[in-house]
Amino acid sequence: TGQLRLPSMQRFHSVRLRGLKMAPSMILSKRSYLKLRQLSTIVNVFNRRSTKFPQRAPKFIGNIRQFSSLPDHEILSMPALSPTMEVGTISKWQVAEGDFIESGSVIADVETDKAVVAFEAVDEGYLAKILLPEGASEVAIGTPVAILVEDKEMVSAFKDYTPDGSASSAPSAEAEAAPAPATESAAPPPKPATPAPSAPTSSDGSRIFASPLARSIAAEMGIDLAAIGQGSGPKGRITKSDVDKYAATAPEAKATATAEPVAETAAPSSFAPGKPYEEVPLSGMRKTIAARLTTAKRDVPHYYLSITCNVDNLVKTRAELNKRLEKDGTKLSVNDFIIKASALSMGKVPEVNSSFMDTFIRQYDYVDVCVAVATPGGLITPIVGDADRLGLVGISDKVRELATKAKDGGLQPHEYQGGTFTVSNLGMFGVSNFSAIINPPQAAILAVGGTDTRIIQTGTDEEGKPTYSTSKTMTVTLSCDHRVVDGAVGAKWLQAFKGYIEDPMSMLL
């Protein structure tokens, strides 16, 4: 009849492939016979894959044509393991090529912006190829990291697999592209760097069409647009990519492009020339800390309130409770009392237990207290959930568990994401007082200093003269978001906190 129908498409409404839309009733002409054979192969593979990897099918269709010479397979991409994750580092592969992977099993450990998180398999199959080695950093979400196949016999087909889809085609492509640099390198040498005119012209006086961005980049790199010649844009328009390609292949352009940055770096620096130094690469966690704290300090209007608490009763109560708990191997810390007092203070002044949400203020009905923990990779704030409902022993056990996980890099996302308030304690390092930066979207953070012995007035004698005694005190500073917590509200919260610290037995009421 001169026309062929694609029956395997009847089970689908439509499938898109490189901009081509095929409907179930679509009829292809005889002229498209070769194209039909390619499409038929793709659709048949899709039919088989849809039963094995239904959630991956649409993405698989987008890549199947490129890998049509390979067995049926699934591409495993870098997942988003936390809401704030943009890139990750593959810390360790837990499986090897050829291993069978069950659904839900851990494939690899991935370092996110907060912690090392397990990358779990969604489907079962055999790991045919690992695309990125251990230690690969700055891996963006969605980047292919491994290949999964259904049968073990298919593993060998991916021995020489490369991310571009074909190990055999990559060398030939490079061989074809090899002569290109030699041809382009013969281009006329660029003229000295001068500000690019708004409408550049070639040597024969004709106008050169280039995008504004291409003109700007060419001027910065000292490249004459006339030397580039015909551009890749519409009607020969020179684009940014044309300038980049020319700069990468023309030695003179490279020399000009690199000359100016060198001159800039020759400016006075913060270190003495000739003195040894070490440049420490930023980890994913350190980058996140830098970005979040910079944003918080810039965008959140901080103000600070400090108060001094008498901790004589707290020290005495803690000693008595620890003596009772000694047989159970439990030891309460001063920080446990501080977390409990902070959580209970939220009940008296709930305005502090809030977040600024641009168009409204969200006030929480629960109290999740974040505790700042120093780790080799940076600061992290695991969460003590429902701290106002936990006893001192429960808080102590939870903090100890979370601190151990944090230092070992074993925290799960739900253990450090969220929280309604943060406590940061540097008292154990001898710091008397400090001001902490708010952890958005929280509205406040409490900075706790160490205890100090002071002479304070305790009253007067029979003659009306003041009497003095020594007492242990502790200074705390509350950093508040002024968009949420007014000064009077912050002061009320500190008064409530001080009441619990100076009378720790009231926490049990």
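**Two open sheets in a predicted model**

Start with one residue pair: Tyr 126 has Val 149, in strand 12, as its bridge partner. Keep in mind that this is a predicted model.

That pair sits in a wider pairing. Strand 10, residues 125-130, and strand 12, residues 144-149, run antiparallel and share four bridges. Both belong to an open sheet of four strands. The order is 5-12-10-7, and the pairing is antiparallel. Which strands stand at the edges? Strand 5 (73-77) and strand 7 (100-101) do. Each has a single partner strand, so one side of each lacks a neighbour in the sheet.

As a reminder, strands of a sheet pair through backbone hydrogen bonds, either parallel or antiparallel.

Now the other sheet. Six strands, open, in the order 13-22-21-20-16-19. Here the pairing is mixed. Strand 13 (302-310) and strand 19 (383-384) are at the edges. Each of these has a single partner, so one of its sides is left without a neighbour in the sheet.

Look at strands 21 and 22. Strand 21 covers residues 444-460, and strand 22 covers 466-481. They run antiparallel, joined by 14 bridges. One example: Gly 459 is bridged to Thr 467 of strand 22.

What packs on this sheet? Helix 11, residues 334-348, is one element that does. Helix 11 touches strand 16 (369-371), strand 20 (421-425), strand 21 and strand 22. Its direction makes about 155 degrees with that of strand 20.

Helix 13, residues 487-502, packs on the sheet too. Helix 13 touches strands 13, 20, 21 and 22. Its direction makes about 25 degrees with that of strand 13.

Definitions and conventions. Residues numbered from 1 in each chain as written. Predicted model: local features only at pLDDT ≥ 70, side-chain atom pairs only at ≥ 80, totals over all residues. Heavy atoms only, no water. Pairing = 2+ DSSP bridges. Contact = heavy atoms within 4.5 Å. Axes fitted to C-alpha atoms, helices over the stretch in contact; angles between N-to-C directions.
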